[in-house]
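Morning, everyone. I have one structure to go through today, and I will take it from the whole down to single residues. Please look at the sequence and the model while I talk.

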Amino acid sequence: MIFWIVAAALTGITAAMLALALLRRREDEEHPAAYDLRVYRDQLKEVDRDLARGVIGAEDAERMRTEISRRILAADAQMQNHENDAEKTGGGTKTMAAVLMLIVAASSFGLYIWLGTPGHRDMPLQVRLETLAEDMKARPSQAEMEAEQTPVPLPAPDPEFAELMTKLRAAVSEKPDDLRGQMLLARNESTLGNHKAAYEAQAQVIALKGDNATAGDYVLHANLLIAGAQNYVSPEAEASLRAALRIDPLNNLGRYYLGLMMWQNGRPDAAFRLWDQVLRQSPADAPWVPAIRNTISELAWYAGVDYKMPPAPHAGPVGPSDEDLAAAEELSAEDRQAMIQGMVAQLSDRLATEGGTPQEWAQLISSYGVLGETERALAIWNEAQQIFVSVPEALEIVRAGAARAGLLQ
């Protein structure tokens with residue numbers, strides 16, 4: 001009822017303002033004949049004053065009064081006609097205003113009936129999030145999504161390769177517990193575009209490895225499932241992604257696909273948070289970086305974030321490696337200092353403008369420790385703690401660099 005009362009009040013106010021604008025006359029608006037009447041009456045008074053001063057004679061005064069009186073009568077007739085017309089049209093204007101009010105009210109509620117959801121219960125944020133979570137759990141499975149899609153024709157493989165695949169399939173069928181055979185089958189079926197056969201083989205790889213299955217194994221399985229469903233992240237793919245991230249919480253491809261799943265299921269806010277971290281922590285040549293950069297601004301808009309896209313990353317040296325630092329020991333003190341400072345400055349500039357992986361931040365902090373610039377190392381360590389506060393695993397990597405720089409003693 002509160003919604004309807006507020007909506008009705010706002011609609012009534014809007015319609016009333018439009019009607020008032022139609023009915024209201026400007027306060028300074030008057031008919032030209034009214035101005036003429038004032039002028040002519042002033043002229044009559046002026047004639048009487050001129051006659052009294054002897055400026056004009058009685059005969060001229062009479063003639064001028066007659067002419068002015070004639071003009072007064074004509075102007076008065078115009079005023080009468082104007083008032084009569086106003087009375088006739090006044091009722092029509094009021095009717096038009098009333099009709100306008102009815103049209104505004106009816107069209108407003110009509111549009112709401114058509115576009116809105118009358119009678120729908122209130123949906124606060126928490127309820128909407130819970131509803132989206134329930135819808136996400138009930139989304140189509142891998143098999144359901146594949147059944148709805150039009151099969152994509154596959155190119156014919158090379159005859160020699162096709163013969164080898166026939167032998168491989170037969171060998172794996174005879175020895176399903178052969179780990180190497182299943183790995184080869186998954187990779188080669190994927191090359192042929194047989195995604196279902198590929199992810200089934202990869203599922204066998206994971207089962208055979210058991211507790212030794214890596215995050216990469218699970219991400220590959222999810223990747224094959226997603227490819228088989230034409231870029232749809234099914235519940236089965238999600239399960240593999242979450243298994244991968246339990247092993248390696250910083251797996252960028254796994255986090256990218258998890259963000260894609262959130263985007264597909266009405267959670268652009270969660271997708272934005274994931275992809276922003278992945279974008280800032282991925283190497284320059286990562287294949288998912290262009291996809292993120294093409295979409296993240298839209299995600300930020302939906303998430304209500306005023307987002308500034310970081311500069312495009314570039315490939316190249318990320319800073320001094322352990323080998324660089326070891327080689328620097330053979331140089332003179334002055335040359336060693338200059339070499340390390342140059343490489344560290346490049347890394348510092350890139351992380352400040354583009355961001356980087358936790359390993360790179362750790363390397364920068366430890367490098368400043370080698371240079372003896374403890375204050376700068378501490379400033380970067382403090383900045384890194386703010387950047388990686390929501391990713392404890394990444395923060396531990398950076399913490400190791402701070403320990404090497406002697407900041408945690």
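The accessible surface of the protein comes to about 25100 Å². Of that surface, 57% belongs to carbon and sulfur atoms. Keep in mind that this is a predicted model, and every value I give is computed from it.

Now the overall make-up. The protein has 409 residues, and 33% of them are buried. How many helices and strands are there? There are 18 helices and zero strands. As for contacts, take those between residues at least 6 apart in sequence: 60% of them join residues at least 24 apart.

Next, one pair of helices. In general, two packed helices are described by the angle between their axes and the distance between the axes. Here the pair is helix α17, residues 374-387, and helix α18, residues 392-404. Their axes are 10 Å apart, and the angle is about 175 degrees. What does that angle say about direction, parallel or antiparallel? An angle over 145 degrees counts as roughly antiparallel, so α17 and α18 are roughly antiparallel to each other. On the α17 side, the contact is made by W381, A384 and Q385. On the α18 side, L395, V398, R399 and A402 take part.

Now charges. Side chains of opposite charge can pair when their charged atoms come close. The structure holds 17 salt bridges, and I will show you three.

Start with R49 and E46, whose side chains meet at 2.5 Å, N to O. Both residues lie in helix α2, residues 32-53. They are three residues apart, which is about one turn of the helix. R49 counts as partly exposed because its relative accessibility is 41%. E46 is partly exposed too, at 33% relative accessibility.

The second one is between E238 and R139, at 2.9 Å, N to O. Where in the chain do E238 and R139 sit? E238 is in helix α10, residues 235-247, while R139 is in the loop between α4 and α5. That puts the two residues 99 apart, so to speak in distant parts of the chain, linked by this pair. Are E238 and R139 buried or exposed? Both are buried.

The third joins D276 and R280, at 3.0 Å, N to O. These two share helix α12, residues 268-281, and are four residues apart, again about one turn of the helix. D276 has a relative accessibility of 18%, and the cut-off for buried is under 20%, so D276 counts as buried. R280, with a relative accessible area of 28%, is partly exposed. Elsewhere, D48, E62 and R65 are joined into one network by salt bridges that share partners.

Then the surface. Which residues make the nonpolar surface patch of about 320 Å²? I2, V6 and L10 make it. L10 is found in helix α1, residues 2-23. With a relative accessible area of 53%, L10 is exposed, because the cut-off is over 50%.

Last, P290, which lies in helix α13, residues 289-303. P290 is partly exposed, with a relative accessible area of 45%. L279 is eleven residues from P290 along the chain, and their C-alpha atoms are separated by 9.2 Å.

That is the list. Questions, please.

Technical notes:
Residues are numbered from 1 along each chain as its sequence is written. This is a predicted model: local features need pLDDT of at least 70, side-chain atom pairs count only at pLDDT 80 or more; totals for chains, interfaces and linings use all residues. Side-chain values use heavy atoms; hydrogens and water are left out. Patches are made of residues with over 30% relative accessible area and no salt bridge: like charges are joined within 9 Å, nonpolar side chains (Val, Leu, Ile, Met, Phe, Trp, Tyr) within 5 Å. Accessible areas come from the Shrake-Rupley method with a 1.4 Å probe; for residues, only the protein chains shown count as cover. A salt bridge is a side-chain nitrogen of Lys or Arg within 4 Å of a carboxyl oxygen of Asp or Glu. Buried means under 20% relative accessible area, exposed over 50%, partly exposed in between (1.4 Å probe, protein chains only). Axes are lines fitted to C-alpha atoms, for helices over the stretch in contact, and angles run from 0 to 180 degrees between N-to-C directions. Angles under 35 degrees count as roughly parallel, over 145 as roughly antiparallel, 65 to 115 as roughly perpendicular and the rest as oblique. Contact means heavy atoms within 4.5 Å.
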